[in-house]
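Biologist: Please take a close look at the internal cavities of this protein. Which residues line them, and which elements supply those residues?

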Amino acid sequence: MQQRKFFFLSILFLLVIRLIFIYSFGLFSIPTRGDAVSYQNYAINIINGFDWLKNPQFHGHYRAPGYPIILAIIYSMFGKNNLLAVYIMQSLISILTCLYIYKLCRKIFNKKVAMLAFVWAGCYIFYLYYASMVLRETLIYFLIISFFYH
């Protein structure tokens, strides 16, 4: 019971840290450079129709459409270019990554090491940074850690 309470409070704390990080950097404007623009445009094209599947001349992005499809799902549920929804979703995925790190460390090491890893991962600057960007790194971190856990 004590551990559940601790994890619930920790998750809330980590979410607040991420939301403060997102708000303090003012990252609510539409991406204007780099991969974020490509992912953004790709997601909007996915929402607008199926031309991205049928048109051989479609120039979406040179990577697979996995992350843009997730963005398109978020945009279709919460509105086009709703970056706050994307950031909140990525923050939740980042927190799930921290929980997987805890569970993985608990399997391999012990409870103390797992708690240290959980706190470290929760405050790790790159996890905070990528959760507040329209980039696929948060999803990749989550998938890699969950792969190793399972």
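Modeller: What follows is a description of the cavities, taken one after the other. The model is a predicted one. Counting cavities of 30 Å³ or more, the structure holds 2.

Let us begin with the largest cavity, which contains about 50 Å³ of space. Three helices each supply at least two residues of its lining: helix H4 (66-78), helix H5 (83-108) and helix H8 (137-149). The lining residues themselves are Tyr67, Ile70, Leu71, Ile74, Val86, Met89, Gln90, Ile93, Thr138 and Leu139. When these residues of the largest cavity are sorted by class, 8 are nonpolar, 2 are polar and none is charged.

The second largest cavity holds about 40 Å³ of space. Its lining is made up of Ser94, Thr97, Tyr127, Tyr130, Thr138, Tyr141 and Phe142. Here the elements giving two or more residues are H5, helix H7 (125-131) and H8. Of these, H8 provides the largest share of the lining, with 3 residues. By class, the lining of the second largest cavity comprises 4 nonpolar and 3 polar residues, and no charged ones.

Placing the two descriptions side by side, one finds Thr138 in the lining of the largest cavity and also in the lining of the second largest cavity. Helices H5 and H8 likewise supply at least two residues to the largest cavity, and they give two or more residues to the second largest cavity. Charged residues are absent from the lining of the largest cavity and from that of the second largest cavity.

Technical notes
Residues are numbered from 1 along each chain as its sequence is written. This is a predicted model: local features need pLDDT of at least 70, side-chain atom pairs count only at pLDDT 80 or more; totals for chains, interfaces and linings use all residues. Side-chain values use heavy atoms; hydrogens and water are left out. On a 1 Å grid over the protein atoms alone, a cavity is a set of points where a 1.4 Å probe fits but cannot get out, and a pocket is an open set with protein on both sides within 12 Å along at least five of seven lines; lining residues have an atom within 4 Å of a point. Grid points are joined across faces, edges and corners, and a volume is the space filled by probe spheres set on the points. Helices (H or I, at least four residues) and strands (E, at least two) are DSSP runs, numbered from the N terminus. Ala, Val, Leu, Ile, Met, Phe, Trp, Tyr, Cys and Pro count as nonpolar, Asp, Glu, Lys and Arg as charged, and the others, Gly among them, as polar.
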